[in-house]
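This report describes one protein structure, from its overall make-up to its core, its charged pair and its open spaces. Keep the sequence and the 3D view at hand while reading.

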Amino acid sequence: MDVPTWVWIVTAVVTIAVFTFDLVVIGRKPHEPSMKECATYLSIYVGLAVLFGLGVWWTSGGTPALEFFSGWLVEYSLSIDNLFIFIIIMAKFAVPKELQQFALMVGIVMALVMRAIFIGVGATAINNFSWVFYLFGLFLVYTAVKLAKEGAEDEDEEFEENRVVAFIEKRFPATSEWHGEKFFVKEGAQRMITPMFIVIITLGTTDLLFALDSIPAIFGITKEPYLVLTANIFALMGLRQLYFLIGGLLQRLIYLSYGLAFLLAFIGVKLILHAMHENELPFVNGGEHITWAPEIPIWLSLVVILATLAVTAVLSLWASSRMDAQQQDAATGPRRDWDDD
């Protein structure tokens with residue numbers, strides 16, 4: 001897929017315009033968005049992603065379009081999993097409801113910038129070293145096993161501050177009071193950081209850690225940097241609205257970790273098979289390509305992704321409903337039928 005320079009420029013300009021509109025216009029007044037507002041803008045962003053994928057199909061053919069849709073779905077599903085941590089972060093720092101959407105928006109913009117850097121580094125490494133696919137594949141399989149084990153633990157997830165946030169809190173004087181959307185305030189002669197600044201850094205750096213999983217995962221779907229970047233852009237666009245729209249529903253997706261673990265493992269194996277097919281390592285098969293290693297077609301990847309997400313959602317909601325019914329029965333006590341004398 002040959003992407004002209006002007007397309008990259010237009011994509012960057014449109015992306016900046018959309019996020020600026022979201023940050024300055026939609027979020028100009030601190031408020032907790034309504035369900036109608038969230039659903040409206042989320043529908044617009046999803047619709048734009050679908051139109052973009054159809055545009056790729058029309059201009060470049062079916063394979064790149066399927067790669068975009070597959071990558072977008074993977075990034076979107078991983079972003080939904082990230083919302084669990086975002087909810088915990090908001091609760092830990094007691095972020096006021098009316099300030100949460102601003103914090104999320106700025107954190108998402110930071111994450112997008114850092115992911116773009118990651119994508120550039122990853123694309124360069126892949127183009128120059130085919131063995132990187134081995135590393136990506138093994139890392140995704142390891143992450144899948146770790147995610148599945150974490151999903152099996154029946155305990156509340158707790159957020160631990162990363163080193164960057166801990167360093168900032170230790171080195172810079174901070175006020176405990178909220179000052180709206182301000183990052184810095186002056187108290188007396190001293191300039192201090194606000195809780196909003198700490199929350200923004202926490203959200204941005206946390207999403208950067210998530211990118212360690214998502215970027216290798218999408219490179220397992222497509223090796224085209226433009227599709228990797230745009231899939232990440234569209235996955236992050238509606239994340240803020242999704243946070244408010246399905247915040248309560250997230251607690252009912254009890255099998256989400258298992259579904260994502262399966263997807264990461266599948267993509268990890270796909271990457272390893274691709275690395276074997278393109279093998280150049282001298283200590284593996286004498287540096288020759290392993291011709292028997294199959295290439296998993298993109299249409300099969302898309303089918304696996306859609307089926308996994310559908311089964312995970314249905315089973316999660318069904319199991320949650322049964323658990324709610326059992327808890328309700330336990331709370332009300334057993335029913336007794338009294339015989340008429």
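The sections below go through a predicted model of this protein, one topic at a time.

## Overall make-up

The protein chain has 341 residues, and 48% of them are buried. Its secondary structure consists of twelve helices and two strands. Read from the N terminus, the order of the elements is α-α-α-α-α-α-β-β-α-α-α-α-α-α. In that order, the two strands follow one another, with helices before and after them.

How much of the contact pattern comes from residues 24 or more positions apart? Among contacts in the protein chain with a separation of 6 or more, such residues account for 78%.

## The nonpolar core

The largest nonpolar core has 96 residues. Six of its members touch the most other members: Phe-68, Trp-72, Phe-86, Leu-203, Phe-219 and Ile-267. Helix α3, which covers residues 62–92, contributes 16 residues to this core, and no element gives more.

Ile-267 can serve as an example of these contacts. Leaving aside residues up to four places away in sequence, Ile-267 touches Val-74, Leu-140, Ala-217, Gly-220 and Ile-221.

## The salt bridge

How many salt bridges does a search of the whole structure find? The search finds one. In this salt bridge the side chain of Arg-115 meets that of Glu-75, with 3.3 Å from N to O. Arg-115 belongs to helix α4 (residues 97–128) and Glu-75 to helix α3, so the definition of helices as numbered runs places the two partners in separate elements. The pair links distant parts of the chain, 40 residues apart.

Are the two partners buried or exposed? Both Arg-115 and Glu-75 are buried.

## The second largest pocket

The second largest pocket holds about 470 Å³ of space. Its lining is made of 23 residues, and those nearest its centre are Thr-11, Phe-52, Tyr-226, Thr-230 and Phe-234. Three elements give two or more residues to this lining: α1 (5–26), α2 (35–60) and α8 (225–237).

What kinds of residue form the lining of this pocket? The lining of the second largest pocket divides into 16 nonpolar residues, six polar ones and one charged one.

## The cavities

The structure has two cavities of 30 Å³ or more. About 40 Å³ of space lies in the largest cavity. Its lining residues are Phe-86, Leu-104, Gly-107, Ile-108, Ala-111, Leu-203, Asp-207, Leu-236 and Leu-239. Phe-86 and Leu-203, which line this cavity, are also among the residues that touch the most other members of the largest nonpolar core.

Helices α4 and α7 (195–219) each supply at least two residues of the lining of the largest cavity. Which element gives the most to this lining? Helix α4 does, with four residues. By type, the lining of the largest cavity has seven nonpolar residues, one polar residue and one charged residue.

## A residue of helix α2

Ser-60 lies in helix α2, one of the elements that help to line the second largest pocket. Why does Ser-60 count as partly exposed? Its relative accessibility is 34%, and the partly exposed class lies between under 20% for buried and over 50% for exposed.

Ser-60 can also be compared with Val-3. The two are 57 residues apart in sequence, while in space their C-alpha atoms are 9.6 Å apart.

Notes
Residues are numbered from 1 along each chain as its sequence is written. This is a predicted model: local features need pLDDT of at least 70, side-chain atom pairs count only at pLDDT 80 or more; totals for chains, interfaces and linings use all residues. Side-chain values use heavy atoms; hydrogens and water are left out. On a 1 Å grid over the protein atoms alone, a cavity is a set of points where a 1.4 Å probe fits but cannot get out, and a pocket is an open set with protein on both sides within 12 Å along at least five of seven lines; lining residues have an atom within 4 Å of a point. Grid points are joined across faces, edges and corners, and a volume is the space filled by probe spheres set on the points. Ala, Val, Leu, Ile, Met, Phe, Trp, Tyr, Cys and Pro count as nonpolar, Asp, Glu, Lys and Arg as charged, and the others, Gly among them, as polar. A nonpolar core is a set of buried Ala, Val, Leu, Ile, Met, Phe, Trp, Tyr and Cys residues joined through side-chain atoms within 4.5 Å. Buried means under 20% relative accessible area, exposed over 50%, partly exposed in between (1.4 Å probe, protein chains only). Contact means heavy atoms within 4.5 Å. A salt bridge is a side-chain nitrogen of Lys or Arg within 4 Å of a carboxyl oxygen of Asp or Glu.
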